[in-house]
Amino acid sequence: MIRIVIADDHSIIREGIKQILSSAVDLTIIGEAQNGHEVMEHVRASNFDVLLLDLSMPGRSGIELIKQVHGEKPKLRILVFSMHQEHQYAVRAIKSGASGYLTKDSNSAQLLAAIRKVAGGGAFISLDVAEQFALGAMPEADQPPHKTLSDREFQVLHQLVSGNTVSDIARQLSLSVKTVSTHKTRLMQKMNMHNQTELIHYAISHQLIDNPE
């Protein structure tokens, strides 16, 4: 039996996942979490096989949370189930300790297959993500500027081009405004951008925004 904890801050998403998983006799849900704090409570107190993890939750979330979970329980399999398209976060998630990445527009059969694949010790990624890994491993591979950003800088970039202010980002990430401003300055320097308009145009051309319209 594969034991699963569902981590998503939207109750309607968790209910939908539970409905899908209820049809599988080899899967059982042993807990739910709606923020990073609750995720870590389950990780430390419960024995389970797969963490089905949304990247965007209140408090500590995303890549940082994956690193923390993996650091405390390396053998726990993490399957990211995200609204963000693969080219935005999948490679960073896998490098941080996730075992698979699935977008929320996937069908129920793909979700069940992904859970079973990672629970069995495998990795669940698309061919596009596998190609990104291969290209990154090649010597002197040309990397677009956003690939040079740290995970936190990339997270701030994504928030900025999605229309959030520095104060909004500080509140969402539980950081000070000064810290977020520093990350913004550094990412602008690394990407050789001079203003937010240039940043948004770059994000659209590289498909870093979920809904560019």
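Modeller: Helices here are DSSP runs (H or I, at least four residues), numbered from the N terminus. This is a predicted model, where local features need pLDDT of at least 70, side-chain atom pairs count only at pLDDT 80 or more, and totals for chains, interfaces and linings use all residues. Residues are numbered from 1 along each chain as its sequence is written, and side-chain values use heavy atoms, with hydrogens and water left out.

Colleague: Thanks! Let's start with H7: how many of its residues are buried?

Modeller: "Buried" means under 20% relative accessible area (1.4 Å probe, protein chains only). In H7 the buried set is Arg 152, Glu 153, Phe 154, Gln 155, Val 156, Leu 157, His 158, Gln 159, Leu 160 and Val 161. H7 is therefore largely enclosed by the rest of the structure, the count of buried residues being ten of the eleven.

Colleague: And which helices are included in what covers those buried residues of H7?

Modeller: Contact is taken as heavy atoms within 4.5 Å. On that basis, the cover over the buried residues of H7 includes H3, H4, H8, H9 and H10 (196–205).

Colleague: Phe 154 of H7 also belongs to the aromatic pair. Which geometry does that pair have?

Modeller: There is one aromatic pair in the structure (ring centres within 6.5 Å; planes over 60 degrees apart count as edge-to-face). Tyr 89 and Phe 154 are its partners, and both are buried. Their ring centres lie 5.2 Å apart and their planes meet at 85°, so the geometry is edge-to-face.

Colleague: How many residues apart are the two partners along the chain?

Modeller: Tyr 89 sits in H4 (residues 86–96), while Phe 154 sits in H7. The pair thus joins distant parts of the chain, and the separation is 65 residues.

Colleague: Now for H8: over what arc do its buried residues spread?

Modeller: The buried residues of H8 are Val 166, Ile 169, Ala 170 and Leu 173. The arc is taken from the directions from the helix axis to the C-beta atoms. The four are on the same side of H8 because they cover an arc of only 100°.

Colleague: Which helices are included in what covers that buried set in H8?

Modeller: One of them is H7, which H8 in turn helps to cover. Also included in the cover over the buried residues of H8 is H9 (177–190), giving H7 and H9.

Colleague: Last one: what is the phi of Ser 174?

Modeller: Just after H7, Gly 163 takes a positive phi of about 100°. Ser 174 follows just after H8, and its phi is also positive, at about 55°.

How values were computed:
Buried means under 20% relative accessible area, exposed over 50%, partly exposed in between (1.4 Å probe, protein chains only). Helices (H or I, at least four residues) and strands (E, at least two) are DSSP runs, numbered from the N terminus. Rings of Phe, Tyr and Trp (its six-membered ring) pair if their centres lie within 6.5 Å; planes under 30 degrees apart count as stacked, over 60 as edge-to-face and the rest as tilted.
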